[in-house]
There are 2 protein chains.
Amino acid sequence: MSQEEIEFLEGLQNNTVDVEPGVDFVVEGDDRKMTFILIDGWSIRYTTLRDGRRQILSYALPGDILGLHINFAAQATYSAAAMNALKLAVVDPRRILEINQKFPILASGLSWCTAREFAILGDQAVRLGRLPAKARLAHLLLELWHRLELIGHNDGKWLEMPMTQNDLADTLGLSLVHTNRSLAELRKSGLITVSKSHIKLENIADLVHLAEFNPDHLTEFSI
Amino acid sequence: MSQEEIEFLEGLQNNTVDVEPGVDFVVEGDDRKMTFILIDGWSIRYTTLRDGRRQILSYALPGDILGLHINFAAQATYSAAAMNALKLAVVDPRRILEINQKFPILASGLSWCTAREFAILGDQAVRLGRLPAKARLAHLLLELWHRLELIGHNDGKWLEMPMTQNDLADTLGLSLVHTNRSLAELRKSGLITVSKSHIKLENIADLVHLAEFNPDHLTEFSI
DNA sequence: CGAGGAGTTGAAGCAGGTCAAGCGCTGTGG
DNA sequence: CCACAGCGCTTGACCTGCTTCAACTCCTCG
């Protein structure tokens, strides 16, 4: 990366904002276009149905970008909310265009993000469409665990869990009650240990097998 | 668009290939990186589980691009197959990088494609996670109908259906039997009419209501 | 000390899955 | 030119994974 590119990238992160847990910072249908770089904390992208039911589409972890392509949409097609306390860099999406035109290395970085996000969302579709409840859970836990590993936020086999079981249910397309029971079964079969705000993955090989998890979908990306 | 850009875009489509119905032209795990522009025909992106069950992630229709970001993945994270007879333009993915560096208007077009593909895949996740069977079906039919409309492939309320009910089931995360029954129920309630290879959407307003379909997710994109 | 959010558990019902059989078309080879 | 194999579709019967409803516990915070 050139000196100029490094400076530009750092400049993007000048305008930061703190967001309280639970706050929606993007609302579906909103036409104020804004791109966010997640500096710290977890957030979700989700949509809401008429009766209030919710489908969480994906999790954004530190380093992830939200609204990378928002310039090409008239409105946001999803909402975004803070899972815990967030620090966001707020970026004018026109600067993303500028990156694509002027800074080839940074532009490649953005394409890398895009490719990975597609793979993650594809995995989410497989979970929702074809895995039974326990496998869905295991699959999501493994996804988050690997992603945290890649950004150095991983504390051994302990996985940070800032979300509630209700959030989990809305991610996995399950009811709260069944999510709770599936979690209990994974616990009883010794695959995980649950504490207040963390889950320990006791046997990663068995979880991978149960979930048919393919870590390549997260790791096999390069610039 | 500049003359140069138009010529470059046309040049991309010089190397075309015909693919027979049913043939896989991308296989998950393959590391031969190739980008395809769908000139004619329908294709699917899908993944396969251990026991052979399949989840179709998305449909590609004429004008769509497959593997736009493949340069940043070590291997394909999905397979792709022809639904009917395809004509594909085969593009070296390095030319995509070239577009991003040299042709800003074309590059914007690619970002537009990307943004739209994200919205479509997000809708697929909502279908799979939170809609009951009939609504899933209605939602998919409306998606395809609107997308065909946008590329001028729409014959009134008749929707081309090159896929089998098995393909539909694997798209919607349902069993073949239940897909068949849901289709029959939509037929009996007068919402659709089914012929050999087409479906007529008899009452689009009611289908939209049933599926909680939001056409903005397809149409509200601009460059 | 009381209210409200998060988690847990039981009981009952149902949407959707599985198994199985049969129909009708189409293509192919004797 | 007919026979039969195979695929796509349909329907019936039964089963189960998940949902829903409801109640209760625990914890936190005011």
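These legends walk through several close-up views of a predicted model with chains A and B.

**View 1. Two copies of a chain, one turn apart.**
Two copies of a chain are related by a rotation about an axis and a shift along it. Here, a turn of 180 degrees with a shift of 0.0 Å along the axis lays chain B on chain A, and the RMSD is 0.0 Å. The two copies are thus related as by a two-fold rotation axis. Both copies use the same surface for their contact: 100% of the contact residues of chain B recur in chain A.

**View 2. Cysteines without a partner.**
A disulfide is a covalent bond between the sulfur atoms of two cysteines. How many disulfides does a search of the whole structure find? Over all chains, the count is zero. Take Cys113(A) as an example: the closest cysteine sulfur belongs to Cys113(B), and at 19 Å it is too far for a bond. Looking from the other side, the sulfur of Cys113(B) has that of Cys113(A) as its closest cysteine sulfur, again at 19 Å and too far for a bond. For a disulfide, the two sulfur atoms would have to be within 2.5 Å. Cys113(B) also counts as buried, with 18% relative accessibility.

**View 3. A nonpolar patch on the surface of chain A.**
Met1(A), Ile6(A) and Ile105(A) together make a nonpolar surface patch of about 270 Å². Met1(A) belongs to the segment before α1 (3–12) of chain A. Is Met1(A) buried or exposed? Met1(A) is exposed, because its relative accessible area is 58% and the cut-off for exposed is over 50%.

**View 4. A serine in strand β5 of chain A.**
Ser58(A) sits in strand β5, which covers residues 54–60 of chain A. With a relative accessibility of 14%, Ser58(A) counts as buried. Which residues does Ser58(A) contact, once its neighbours within four places in sequence are left aside? They are Ser43(A), Ile44(A) and Arg45(A).

**View 5. Salt bridges that link distant parts of chain B.**
The whole structure holds 26 salt bridges over all chains, and this view picks out some in chain B.

- Asp170(B) and Arg54(B) form a salt bridge in which the closest N and O atoms are 2.8 Å apart. This pair links helix α5 (residues 165–172), home of Asp170(B), to strand β5 (residues 54–60), home of Arg54(B), across 116 residues of chain B. Asp170(B) is buried at 11% relative accessibility, and Arg54(B) is buried at 18%.
- Arg147(B) and Asp64(B) meet through their side chains in a salt bridge of 2.7 Å, N to O. Arg147(B) is in helix α4 (residues 133–150) and Asp64(B) is in the loop between β5 and β6 (65–66), so the pair ties together parts of chain B that are 83 residues apart in sequence. Arg147(B) is buried, with a relative accessible area of 4%, and Asp64(B) is buried too, with 18%.
- Glu143(B) and Arg127(B) also meet in a salt bridge, at 3.1 Å from N to O. Glu143(B) lies in helix α4 and Arg127(B) in helix α3 (residues 104–130) of chain B, 16 residues apart. Both Glu143(B) and Arg127(B) are buried.

**View 6. A salt-bridge network with members from chains A and B.**
Which residues are joined into one network by salt bridges that share partners? The members are Arg54(A), Asp167(A) and Asp170(A), together with Arg130(B).

**View 7. Helix α5 of chain B and its surroundings.**
Six of the eight residues of α5(B) are buried, leaving the helix mostly covered. The buried residues are Asp167(B), Leu168(B), Ala169(B), Asp170(B), Thr171(B) and Leu172(B). What do they pack against? In chain A, their partner is α3 (104–130), while in chain B they pack against β5, α3, α4 and α6 (176–188). After α5(B) comes Gly173(B), which has a positive phi near 70 degrees.

**View 8. A phenylalanine that touches both chains.**
Phe221(B) is placed in the segment after α8 (216–219) of chain B. With a relative accessible area of 11%, Phe221(B) is buried. Not counting residues up to four places away in sequence, Phe221(B) touches Phe72(A), Ala73(A) and Thr77(A) from chain A, and Trp112(B), Ala115(B), Arg116(B), Ala119(B) and Asp216(B) from chain B. To set the scale, Phe221(B) and Asn166(B) are 55 residues apart in sequence, and their C-alpha atoms are 32 Å apart in space.

Terms used: Residues numbered from 1 in each chain as written. Chains lettered and ligands numbered in written order. Predicted model: local features only at pLDDT ≥ 70, side-chain atom pairs only at ≥ 80, totals over all residues. Heavy atoms only, no water. Buried < 20%, exposed > 50% of the residue type's maximum accessible area, 1.4 Å probe, protein only. Least-squares fit on C-alpha atoms with pLDDT ≥ 70 in both. Contact = heavy atoms within 4.5 Å. Patch = residues over 30% accessible without salt bridge, like charges linked within 9 Å, V, L, I, M, F, W, Y side chains within 5 Å. Areas by Shrake-Rupley, 256 points an atom, 1.4 Å probe, with all protein chains shown as cover. Salt bridge = Lys/Arg side-chain N within 4 Å of Asp/Glu carboxyl O. Helix = DSSP H or I, 4+ residues; strand = E, 2+ residues; numbered from the N terminus.
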